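User: I should like to learn how to read a strand sheet and a ligand site in a model. Could you take me through both?
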Amino acid sequence: MTGRMVTHVDSTTGIVDAILAGAGREVAGLPIPESYRGVTVHADEVEMFAGVPTSRKDPRQSLHLDQVRTPELGPGEALIAVMASSINFNTVWTSIFEPLPTFAFLKRYGRTSSLAARHDQPFQVVGSDLSGVVLRVGAGVSLWKPGDEVVAHCLDVSLESADGHDDTLLDPQQRIWGYETNYGGLGELALVRANQLMPKAAHLTWEEAASPGLVHSTAYRQIVSRNGAQMKQGDVVLIWGAAGGLGSFATQLVLRGGGVPVCVVSSAAKADACRAMGAELVIDRSAEGYQFWTDEHTDNPKEWKRFGARIRDLTGGDDPDIVFEHPGRETFGASVFVARRGGTIVTCASTSGYTHQYDNRHLWMHLKKIVGSHFANYREAWEANRLISKGWIHPTLSTVYSLDEAGQATYDVHRNVHQGKVGVRCLAPRDGLGVRDHELRERHLDAINRFRL
Ligand SMILES: NC(=O)c1ccc[n+]([C@@H]2O[C@H](COP(=O)([O-])OP(=O)(O)OC[C@H]3O[C@@H](n4cnc5c(N)ncnc54)[C@H](OP(=O)(O)O)[C@@H]3O)[C@@H](O)[C@H]2O)c1
């Protein structure tokens, strides 16, 4: 039995009705459906884009909406009725099978225990964000109960190894849920560890609440945490892709923490989005035509200098204390160059290529640091979620798609035609549901809707 394509038992309807009617703890008595609809990639299709350039690989062809068998609930886990999710770039990578098919992760994980073997399937339900309601908890879970309204961060770790007990990201068995595991957030149900759960912000709708998790927590660790750049008041922070997923939260975190964001974007509309968040210093990289490479192998220091001069122009002479990096190969040489003496380049990704090239003289002679960062530990994700719940940092949701349009939603992110975050309704029948604190919402409504198209 593959777990895919089983007979459809449409009993999530009862769950949705109960949640919409405010069932609360009573959801514990509802039957769990044998199967549910989830957005999947298929192991027998990993070669479908062979020979196609990255930019032309189309997630709409590789992502499917399948009926999948509901996984058995293990100790320490929770089964969630997913009201909404969001698209992250990791689903772009999974859907175009780059840099490698994620089924290799599932196989490796599946070998670790009989419980983990559930994840090794010929399909993968993708997605690393959710908002929803706890339906069941596994043995040993005491902090969360059926009926709790939650969001989930995406770090899947059992903490069996000693290595992760200072910082969970150092655990050799840490995985990104919905990317390196199965049964992710882009489905009607999802399987998570209970230590991924956090309270849903009461003033947000389901789709708003589902959207910040992965990128906001990642940006929090990179900029604020002692595991990242530890920004202090007055720091100048250069933010690549400042109107994208990560960047729109990096910009807010810098502003909230008393720093000075220098936002880099590629269109006038995205520049406006940065200004709407309160940023004053914005560089439109398309309009200003930076060419950091003269050809595929040769970088162009003259353009680093022109870019650095533009930053000084905007800041009144200051170089960035922190560079928030994720585009990778295309920008990394410039990032190392423009960081101030003793500054920090904090990187969590390599969207444009993971073999970076930079002039090391600028790093060692000026005592700069490159810090690698990856997602966030539970504490960091919790702190980031608290900022959302307080209404201090806001979602940056621009568009919301239905579950059967998840391919199109992922396509938009792959083509970089989106702004902020792209949301996906899962069980939520329409936008706008799930708000519990109307007064707090009213106070921040303009900020919550800044990115809406
Ligand atoms: N390690 C982790 O835990 C972690 C977590 C989250 C994301 N990531 C990775 O981080 C990357 C960004 O994620 P995201 O969610 O922010 O994606 P996103 O929503 O697509 O935003 C990325 C932004 O980067 C800018 N950009 C893209 N290519 C660029 C280039 N060649 N040069 C300069 N700017 C470029 C674009 O902005 P403009 O076109 O406006 O300049 C884009 O809006 C992805 O590779 C993702 O996989 C890693």
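Analyst: The sheet comes first, then the ligand. This is a predicted model, in which local features need pLDDT of at least 70, side-chain atom pairs count only at pLDDT 80 or more, and totals for chains, interfaces and linings use all residues. Residues are numbered from 1 along each chain as its sequence is written, and side-chain values use heavy atoms, with hydrogens and water left out.

User: In what order do the six strands of the open sheet stand?

Analyst: Strands (E, at least two residues) and helices (H or I, at least four) are DSSP runs, numbered from the N terminus. Two strands pair if DSSP finds at least two bridges between them. Here the order is β13-β12-β11-β16-β17-β18, with parallel pairing. β13 (281-284) and β18 (369-372) each have a single partner strand, so one side of each lacks a neighbour in the sheet. Three bridges join β11 (residues 236-239) to β16 (residues 322-325), and L238 stands opposite V323 in β16.

User: Which residues come nearest to the ligand?

Analyst: A residue is near a molecule if one of its heavy atoms lies within 4 Å of it. Of the 25 residues around this ligand, S266, R285, T351, F375 and H418 come nearest. Helix α6 gives the largest share of the shell, three residues.

User: Which polar backbone atom is 2.9 Å from a nitrogen atom of the ligand?

Analyst: A polar contact is a pair of N or O atoms within 3.5 Å. The backbone atom belongs to C348. For G245, a backbone N or O atom lies 2.8 Å from a ligand oxygen atom.

Notes:
A polar contact is a pair of N or O atoms within 3.5 Å; within protein, one must be able to donate a hydrogen and the other to accept it, and residues adjacent in sequence count only if both atoms are side-chain atoms.
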